[in-house]
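Here is a short report on a protein and the DNA around which it is modelled. The headings follow the two DNA strands in turn.

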2 protein chains.
Amino acid sequence: MLTPERHRFILSLLQEQKVATVQELSAATETSESTIRRDLVQLEQEGKLTRFHGGAQWREPSVKSEETTIAQRLSQHEAEKRAIARFAASLVKSGDCLFLDAGTTTFYMIDDLPPGAIVVTNGLTHIERLLERNIKTYLIGGSVKGMTKALIGKGAVESLKNYRFDKCFLGINGVHLEHGLSTPDPEEAFVKQTAANASTEVFVLADHSKLGKTTFSFVCEMEDVTLITNDVNDQQQLDPYKKKTKVEVVTP
Amino acid sequence: MLTPERHRFILSLLQEQKVATVQELSAATETSESTIRRDLVQLEQEGKLTRFHGGAQWREPSVKSEETTIAQRLSQHEAEKRAIARFAASLVKSGDCLFLDAGTTTFYMIDDLPPGAIVVTNGLTHIERLLERNIKTYLIGGSVKGMTKALIGKGAVESLKNYRFDKCFLGINGVHLEHGLSTPDPEEAFVKQTAANASTEVFVLADHSKLGKTTFSFVCEMEDVTLITNDVNDQQQLDPYKKKTKVEVVTP
DNA sequence: TCACATTCGATTAAAAATGATCAATTGAAT
DNA sequence: ATTCAATTGATCATTTTTAATCGAATGTGA
C-alpha cells in the first residue's frame, strides 16, 4: 500500500470511528506497526489527527475554508445586508478615515466605498477586496480568530490605540432596547468598544434579525451609535429604537 | 509515445485513480522509469500533481488567486527554498515563540513547523496555512503592502513592540560581506530590524542567488544573525561568509 | 506504591526508489 | 552532410522507506 493511500485510509477510518489503535491500523493496511507510527507522527505534524498512547484520534479541521464559511453566511439576509451596506458606504466621503469591522455586512460596504477613503480594519477577509479597489488599507494586529478571520485580543486593542477615525462601522449580533449592543465573543466586543471610542461617529450595521437579541458580551449602549437597519413589515416595531437613538432604515 | 501525450496520459490516469506508481506508469506508457520520473518532476513543478516516494498523486486544481500568484513565484529556486525552509523549521521546538517574516521561503516553513509553536507574522499569505495547521497565530498590524501582502509601516513596528521571540526567521533580498543584509523596501527593512531586535536568536533564510547582492535598505549586520543558505557548486564561495558569522548550509 | 504488560522511539539492516551521469538516438538548423 | 540541442534509457551511488529488534517509557491493576 502506497504512502498517500495509507494516509488517506488512516484519516478516513479515523473520521468514521474517531479513534483507532496502532495494531488495528497495522492489520488493516498490512504494514508494520513501525510504519503506522511513522505515519501517525507525520499526520500529527500536519495537524490532521491527535496521537495518544496506543493509537490516534480524529481531529476536527479547525477552520473551514474561507469561501464556504462566508458563502454560508452570505445566503442569510443577503439582500438586506447589501442594502444596509450600500447605505452605510454612501455616508463615507473621500478622504474619510474609517474603521471597518470584520463581518459580512461590512464586507459588502467595500464595493461602494468612494476611492480615497482610508480604511483600518480587523477583518482579514476584507483585505483582498480592499486592495483590488486600490483603497489605502491598514490592518490592526492581534490574534487570528479561526472561524471569522477577525483579529482580536490585546494586540488588536493595542494596535487600535494608534488610530483615530472619522467614522466607525461595526457589525453586531445583538441589538436590545435595554441591554444595548452585544456580541458573543468578549474579545471581539472589546475590539469593537475600542474602535468605537476612537471614532467621531459610530454606525452599527444590523439587519432586522438582530433586533431584540442579546448575546454574551456587552459592547456599548445604543445611545452612543447610529443604528442602520432594514425595513421590517411592522413599521412600529422600530419606533422604540428611534426613541433611544438615531436610526436609519433602508429598503432593500 | 510523445512527451505531451505521456503527460496527458499520466494526468488522466491520476485523475481517475488518484495515485500511481512509477512502475505502473512506466509499464503503461512503455517508457523507462527515468523518463517517467522526469515527467513527474516537470508536472509537479507545474503544480499538476504531487510526487511521493514511489509515485505521484493527483492534485486538485486550485482556483484561488492567492495560490496562483504564490505558485508563480515558487518556480524560482523552489527546491532550494524548500530545503532551506525545512531545515529552518527543524530548529523550532514545540512551545517556541516565533516571528515568521513574510515571503515565500518562510511560507514553506509552515508545513514543517511542530504543532504547539506560537507564530507572530507580518505575512498575510501565511495566515490561511497556519490556521489549517492549527498553529496559534498572531498578526502584527500595519499598512498592507499590495504586492507582497506584507504588513509594514508604523503600525507594524508598534505592534511588534508587544512581542518577544525565541526565534526570528527573516527572508532577505541581499546578503553582502561588507554591506550586510538588505532589502529593497525601507519600511519592510524597519519591520525586519524591529523583529530581529525582539528575538533571542535570529535566522536569515537566503538561497544562493541572494549572496553577494546588495539592495537599497540596510537591515542589520551579518554578525547578528545565523545565515541559512543552500549548497553552491563552488563550496569556497561560502568561506568568507562562514568567517563572518554562523552559516548553515542545506543540500536540496 | 509496586509489578506487569503494552507501547514507544531509536537503531539497524535490507529493499526499493531516487537523482545524477553518460552514451545513444532523434530531429532540426546550418 | 554535419553540427547541435533535446530526449531517452541504462547505470550506479545515494537516499528513502520499511520491518524487526530492544531498551525505555507509559499505562494498568493490585
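## Surface near DNA strand C

Four elements each supply at least two residues of the surface near DNA strand C: helix H2 (22-29) and strand E2 (49-52) of chain A, and helix H2 (22-29) and strand E2 (49-52) of chain B. Helices (H or I, at least four residues) and strands (E, at least two) are DSSP runs, numbered from the N terminus. "Near" is a heavy atom within 4 Å.

16 residues surround DNA strand C, and the closest include A:Arg37 and B:Arg37. Sugar and phosphate make up 94% of the strand C atoms within 4 Å of the protein. The surface residues split into four nonpolar, eight polar and four charged. Nonpolar means Ala, Val, Leu, Ile, Met, Phe, Trp, Tyr, Cys and Pro; charged means Asp, Glu, Lys and Arg; the others, Gly among them, are polar.

## Model and conventions

This is a predicted model: local features need pLDDT of at least 70, side-chain atom pairs need pLDDT 80 or more, and totals for chains, interfaces and linings use all residues. Residues are numbered from 1 along each chain as written, chains are lettered from A and ligands numbered from 1 in written order, and side-chain values use heavy atoms, without hydrogens or water.

## Phosphate contacts of strand C

Backbone N or O atoms lie 2.7 Å from a phosphate oxygen at A:Gly54 and 2.9 Å at B:Gly54. The side chain of B:Arg51 places an N or O atom 2.7 Å from a phosphate oxygen.

## DNA strand D

Of the strand D atoms within 4 Å of the protein, 66% belong to sugar or phosphate and the rest to bases. B:Arg38 has a polar side-chain atom 2.9 Å from a base nitrogen.

Terms used:
A polar contact is a pair of N or O atoms within 3.5 Å; within protein, one must be able to donate a hydrogen and the other to accept it, and residues adjacent in sequence count only if both atoms are side-chain atoms.
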